[in-house]
Amino acid sequence: MIATARRPPGYPPHSRPVPADPAVDAMVAALPKVSLHCHLIGTVAPGTVVELAAKHGVPLERGAEDLYDHDSYEDLGEFLRVLDVVGSVIRDADDFSRVTYESLTAGGTDHGVLYRELHLSPPGHPGVPYPRILEGVLAGLRDARTDTGIDARLVIGINRERSGGAAVELVEQVVEHRVDEVVGIGLDYAEVNGPPGRFVEAYRLAARAGLQRTAHSESGPPRHVLTLLDELGCSRVDHGYHVVDDPEITARCVAERIPFTCTPVSSDIGRYSGSGDGTHARIRQMVDAGLCVTIDSDDPPMFGTDATHDLRVLAHALGYRRDQLAAFTTNAIDACWLDETGKAELRRRAAAALAATPDAPPPALPEETR
Ligand SMILES: [Zn+2]
């Protein structure tokens, strides 16, 4: 770390604790990380939410200790309701600057994150003009880079529960207020309420403007992955665990090296990646199939996790060792939207950090995964 970053009020304890194992803990903490699937609203520490709510006179039903009820997010609607509350207290440029800074420092560099493509959801901040959001976020991004050296870009998220027309309007705003830091668009909120085909026009507009494209696919059928690739022109898929239900689509994604940005803890709680039993079997299936998998934390404090803990959980559930976990970072560098010069620099930094990362013997696997 280059300088002392400003710290937010505390993060909640991990929602999916693992057995104490100092060697594994030291290894996962030191591993270099590249973050492609993390939402700004979902990174806000509960103490910060409480402070911003007080600043703007917004009443909260809960305090910092129980603001995030991790296990209730098996119901995606309940999770999105809390997410909307958090989004509603981030209002002025200072707020956006603060939460961006905290996301990139306490939630980023403190966990060895070298680079983050942060998902930003303008529709999650009702009444706040996009230029004001951008102004604050860019300020936070610059301060975090100055203080800690972390690099970041922005992915603008379309709320898929809204109309295709609203998505086009958002992309028009992104194009009108184009800045270098905004490198692409994404598609989030509940897939069941917004099939990807609804957003073809918005995605074509983004393509014409030279923006990269990704989209969430957490609950849809495997054929939605084809819609993402062939109709929306996505170069990667967020979640996408159901791809392994279709061998043909899986084979194509392996051949084309399509990246899947997986988020173990949030997807386990949300049941996107399986039964919520902590086995992370879908992620293992995807890795075993040869898919390009990256690991991130989605909405870290909201799901009681962080960039280190998601890897720690995989080490314990799947027995992955240092080099297997480091491969997720290698994949993320390949999958990120920096240019080749930027990727080469990131590879150099990651290699240096990996060389300083101690190995650890694999933890004992749970009975059912042996
Ligand atoms: Zn997500």
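## What counts as a contact

Two residues are in contact when they have heavy atoms within 4.5 Å of each other. Keep that in mind as we look around this predicted model.

## Two helices side by side

Let's start with helix α2 (residues 46-56) and helix α4 (residues 93-104). Their axes come within 12 Å and cross at roughly 175 degrees. Angles over 145 degrees count as roughly antiparallel, so α2 is roughly antiparallel to α4.

Who touches whom? On the α2 side you'll find T48, E51, L52, K55 and H56, and they meet D94, D95, R98, V99 and E102 of α4. Sort the residues of this contact by class and you get six charged, two polar and two nonpolar.

## The largest pocket

Now for the largest pocket, which has a volume of about 270 Å³. It is lined by 16 residues, and those closest to its centre are P122, P123, R162, A166 and L170.

Which parts of the chain build the lining? Both β3 (151-159) and α6 (164-176) chip in with at least two residues each. Helix α6 gives the largest share, with five residues. As for chemistry, the lining of this pocket has 10 nonpolar residues, four polar ones and two charged ones.

## The whole chain

Zooming out, the chain has 14 helices and eight strands. Its radius of gyration is 19 Å, close to the 21 Å that the globule rule gives for 370 residues, so the chain is as compact as a globular protein of that length. If you follow just the C-alpha trace, it spans about 50 × 45 × 40 Å along its principal axes.

Key: Residues numbered from 1 in each chain as written. Predicted model: local features only at pLDDT ≥ 70, side-chain atom pairs only at ≥ 80, totals over all residues. Heavy atoms only, no water. Axes fitted to C-alpha atoms, helices over the stretch in contact; angles between N-to-C directions. Helix = DSSP H or I, 4+ residues; strand = E, 2+ residues; numbered from the N terminus. Parallel < 35°, antiparallel > 145°, perpendicular 65-115°, else oblique. Nonpolar A, V, L, I, M, F, W, Y, C, P; charged D, E, K, R; others polar. 1 Å grid on protein atoms, 1.4 Å probe; cavity = no way out; pocket = protein on both sides within 12 Å on 5 of 7 lines; lining within 4 Å. Points joined across faces, edges and corners; volume = space filled by probe spheres on them. Rg over C-alpha atoms; globule rule 2.2 N^0.38 Å.
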